[in-house]
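Reader: I am new to this structure and should like to understand the terms used for it. Please show it to me first.

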Amino acid sequence: MAGPFGFKGCQKIRGPQIRNLLEAKDFILFDCDGVIWHGEKAITGAAKVVSSLIQHGKNVVFVTNNSTRPRENYVHKFCRLGFTDVMLDQIFSSSYCSALYLRDVVKICGRVFVIGCDGLRRELQEAGIPCVEEADDPDATIYDCALAPDVKAVLVGHDDKLTFLKLAKASCFLRDPDCLFLATDNDPWHPLSGGRILPGSGSLTAALEVASGRKATVIGKPSRFMFECISSQFRGVDPAQCLMVGDRLETDMLFGSNCGLDTMLTLTGVSQIEEAQEYSNSELTTNQSLVPNYVVDTIADFLPAFELDEQSD
């Protein structure tokens with residue numbers, strides 16, 4: 001995989017090289033966690049990078065597999081962390097794109113059984129998609145609980161209140177071959193402080209895939225659908241004029257590759273350059289899709305590129 005300026009994959013770039021790359025791009029796509037922020041702390045310089053890109057006429061969009069909050073809450077978080085230029089229509093979450101898929105692509109006629117957080121349900125409700133909302137008795141089991149009628153889709157996202165009963169109910173609904181099986185994303189885990197990890201939506205989806213004997217359709221990265229959502233809402237989106245910036249090889253870099261975008265790995269999150277180099281040296285051609293075109297230590301490395309622009313003005 002090689003970028004437009006002749007660099008080999010995994011090439012660390014800086015200063016003038018970053019400026020040349022940004023000049024060639026109209027759309028900059030950022031992942032959020034590990035790229036823009038860590039939890040409630042912004043990556044140093046990230047807010048200034050985003051603001052500078054917008055001031056230079058770039059279309060900046062955010063593509064996140066985090067399905068736990070609605071887009072409105074993302075706007076509040078951006079503002080809270082000092083990103084004052086970010087608007088609702090720049091945010092594409094896996095929950096929002098799942099709602100678009102159900103409403104506009106499959107045109108769901110019936111209810112959706114959701115394994116996920118309230119933020120996911122809110123995005124579905126705002127799109128006019130009815131969800132199963134019944135509350136189970138604490139002592140209910142799959143042997144005697146009620147099963148909602150007219151369930152036409154099961155959607156799995158991050159759910160920190162997952163129960164065996166939810167899993168069992170979803171498995172029952174999926175015995176109907178006409179019931180859709182969707183997942184917001186297939187992220188296996190997320191890093192926490194102190195070396196701990198949080199199981200991701202992918203781990204919950206895997207459990208249901210085994211129980212149901214079916215494979216889920218994944219909506220978020222690395223699926224192309226999230227990019228199709230962007231293309232439908234912005235005019236003139238040319239993959240050749242887009243740069244995907246992320247911190248996870250198996251999600252962000254693969255997403256970019258699947259969509260025909262140049263990719264950039266930032267080393268402030270999950271994946272490190274040694275892993276990318278291992279994929280680059282692999283004899284498996286499929287592994288090349290995980291190799292970034294470019295690597296930066298942090299997106300704050302963009303800032304000198306803007307300073308060079310100002311000096312040339």
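Author: What follows takes up the sheet, a helix pair and two single residues in turn. The model is predicted, so local features need pLDDT of at least 70 and side-chain atom pairs count only at pLDDT 80 or more, while totals for chains, interfaces and linings use all residues. Residues are numbered from 1 along each chain as its sequence is written, and side-chain values use heavy atoms, with hydrogens and water left out.

Reader: What makes β2 and β13 a pair, and in which sense do they run?

Author: Strands are DSSP runs of E with at least two residues, and helices are runs of H or I with at least four, numbered from the N terminus. Two strands pair if DSSP finds at least two bridges between them. Strand β2 (residues 27–30) and strand β13 (residues 242–246) have four bridges in the parallel sense, so they pair by that definition. Within this pairing, Ile28 has Leu243 as its bridge partner.

Reader: Which strand does β2 pair with over four bridges, besides β13?

Author: That strand is β5, and the sense is parallel. Here Ile28 stands opposite Val60. β5 in turn pairs with β6 over three bridges, again in the parallel sense, and Phe62 has Ile91 of β6 as its bridge partner.

Reader: In what order do the seven strands form the open sheet?

Author: The order is β1-β15-β14-β13-β2-β5-β6, with parallel pairing. At the edges are β1 (11–12) and β6 (91–93), each of which pairs on one side only.

Reader: What makes β5 a mostly covered strand?

Author: Buried means under 20% relative accessible area, exposed means over 50%, and partly exposed lies in between (1.4 Å probe, protein chains only). Five of the six residues of β5 (residues 59–64) are buried.

Reader: How do you know that Asp31 is buried, and where is it found?

Author: Asp31 is found in the loop between β2 and β3 (37–38). Its relative accessibility is 7%, and therefore Asp31 counts as buried. Contact means heavy atoms within 4.5 Å; leaving aside neighbours within four places in sequence, the contacts of Asp31 include Val63, Thr64, Lys221 and Asp252.

Reader: Why is the approach of Asp31 and Lys221 called a polar contact?

Author: A polar contact is a pair of N or O atoms within 3.5 Å; within protein, one must be able to donate a hydrogen and the other to accept it, and residues adjacent in sequence count only if both atoms are side-chain atoms. The side chains of Asp31 and Lys221 are joined at 2.9 Å, so the distance lies within the 3.5 Å limit.

Reader: What does the side chain of Ser212 reach?

Author: Ser212 belongs to helix α7 (residues 201–212). Its side chain reaches the backbone nitrogen of Arg214 at 3.2 Å, and a polar atom of that side chain lies 2.8 Å from the backbone oxygen of Leu208. Leaving aside neighbours within four places in sequence, Ser212 is in contact with Leu174 and Phe181.

Reader: How do the axes of α4 and α5 lie with respect to each other?

Author: Helix α4 (residues 94–105) and helix α5 (residues 118–126) have axes that come within 9 Å and cross at roughly 35 degrees. Such axes are lines fitted to C-alpha atoms, for helices over the stretch in contact, with angles from 0 to 180 degrees between N-to-C directions. The contact is made by Ser95, Tyr96, Ala99 and Leu102 of α4 together with Leu120, Glu123 and Leu124 of α5.
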